[in-house]
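Let's take a walk through this one together. Have the sequence and the model side by side as you read.

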Amino acid sequence: MTGRQEVVIGIDLGGSAIRAGAVTKEGQLRNFRRVEIPKGRRKDLIIVCITDMVRELILLEGDRNHKVVAAGIGSPGIIKMAKGIVVTSPNFPGWKDVPLKSLLERSVKLPVSVNNDANSAAYGEKWRGAGRKVSSLVCLTLGTGIGGGIILDGNVWYGTQGM
């Protein structure tokens with residue numbers, strides 16, 4: 001019998017929906033969930049939606065003998081990377097200095113990484129998408145809002161303020 005395969009959960013906090021999927025280290029999507037953003041865009045309801053999705057994916061992966069070891073979330077807006085704080089978000093006007101990392105870590109009992117959603121998209125394109133054969137790229141995201149991420153020499157470029 002082989003050991004348990006480790007997977008991570010990737011979460012996209014979008015303008016109209018939250019998407020979450022369990023992903024192997026090779027980039028294979030194992031399970032995927034999507035829910036609409038709750039009416040009123042209340043922070044507490046959005047956090048509950050995210051944690052419920054993560055818990056469901058942890059159970060599903062456990063049933064398949066896979067272990068979820070961490071989660072990462074891409075959020076629109078300005079992010080204090082070191083502490084995982086959403087300083088402000090264009091899609092969630094009431095969000096000011098939301099400690100998303102600590103709120104999620106407390107709820108799901110996993111290490112959580114928080115990044116800007118466009119930076120996350122750029123990294124995903126470099127890792128497993130259209131940019132995997134180049135060392136540098138620009139990724140533009142078009143959805144509820146407009147964003148962008150830059151990969152320079154294989155790494156996300158954060159600029160002077162982390163954005």
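What follows goes from the nonpolar cores to the salt bridges and then to the strand pairings.

Keep in mind that this is a predicted model. A good place to start is the inside. The largest nonpolar core has 28 residues, and if you want to find its busiest members, look at Ile9, Ile11, Leu13, Ile18, Ile46, Ile50 and Ile73, which have the most contacts inside it. Where do these 28 residues come from? At least two are supplied by each of β1 (5-13), β2 (17-24), α1 (43-63), β4 (66-75), α2 (100-108) and β8 (112-116). Helix α1 gives the largest share, six residues.

Ile18 is a handy spot from which to look around. Setting aside its neighbours within four places in sequence, Ile18 is in contact with Ile11, Asp12 and Leu13, among others. Its list also includes Arg33, Arg34, Val35 and Ile37, and it takes in Ile46, Cys49, Ile50 and Met53 as well. There is also a second, separate core, this one of five residues, including Ala122, Cys139, Ile151 and Val156.

Now for the charges. Side chains of opposite charge can pair when their charged atoms come close. In this model that gives seven salt bridges, and three of them are worth a stop.

Asp12, which we just met as a contact of Ile18, has a salt bridge to Arg19, at 3.6 Å from N to O. Are these two buried or exposed? Asp12 has a relative accessibility of 31%, so it counts as partly exposed. Arg19, with a relative accessible area of 29%, is partly exposed too.

Next, go to Arg30 and Glu61, whose closest N and O atoms are 3.3 Å apart in another salt bridge. Arg30 sits in strand β3 (residues 29-36) and Glu61 in helix α1, so this pair ties together parts that are 31 residues apart in sequence. Glu61 counts as buried because its relative accessibility is 0%.

Helix α1 also has a salt bridge of its own: Arg55 and Asp52 both lie in it, three residues apart, which is about one turn of the helix. Their closest N and O atoms are 4.0 Å apart. Arg55, at 39% relative accessibility, counts as partly exposed, and so does Asp52, at 42%.

On to the strands. Three of them form an open sheet in the order β5-β6-β7, with antiparallel pairing. At the edges you'll find β5 (78-80) and β7 (96-98), each pairing on one side only. From one strand to the next, the twist averages 25 degrees. Strand β6 (residues 85-88) pairs with β7 over two bridges, and Val86 stands opposite Val98 there.

Further along the chain comes a run of hairpins. Strand β9 (residues 137-142) pairs with strand β10 (residues 146-152) in the antiparallel sense, over six bridges. Three residues make up the hairpin connection from β9 to β10. To see how the two strands line up, find Val138, whose bridge partner in β10 is Ile150.

β10 then has another antiparallel partner, strand β11 (residues 155-156), to which two bridges join it. Leu152 stands opposite Asn155 of β11. These two strands form a hairpin as well, with two residues between them. What is the phi of Asp153 in that turn? Asp153 has a positive phi, of about 50 degrees.

Methods:
Residues are numbered from 1 along each chain as its sequence is written. This is a predicted model: local features need pLDDT of at least 70, side-chain atom pairs count only at pLDDT 80 or more; totals for chains, interfaces and linings use all residues. Side-chain values use heavy atoms; hydrogens and water are left out. Two strands pair if DSSP finds at least two bridges between them. Helices (H or I, at least four residues) and strands (E, at least two) are DSSP runs, numbered from the N terminus. Axes are lines fitted to C-alpha atoms, for helices over the stretch in contact, and angles run from 0 to 180 degrees between N-to-C directions. A nonpolar core is a set of buried Ala, Val, Leu, Ile, Met, Phe, Trp, Tyr and Cys residues joined through side-chain atoms within 4.5 Å. Buried means under 20% relative accessible area, exposed over 50%, partly exposed in between (1.4 Å probe, protein chains only). Contact means heavy atoms within 4.5 Å. A salt bridge is a side-chain nitrogen of Lys or Arg within 4 Å of a carboxyl oxygen of Asp or Glu.
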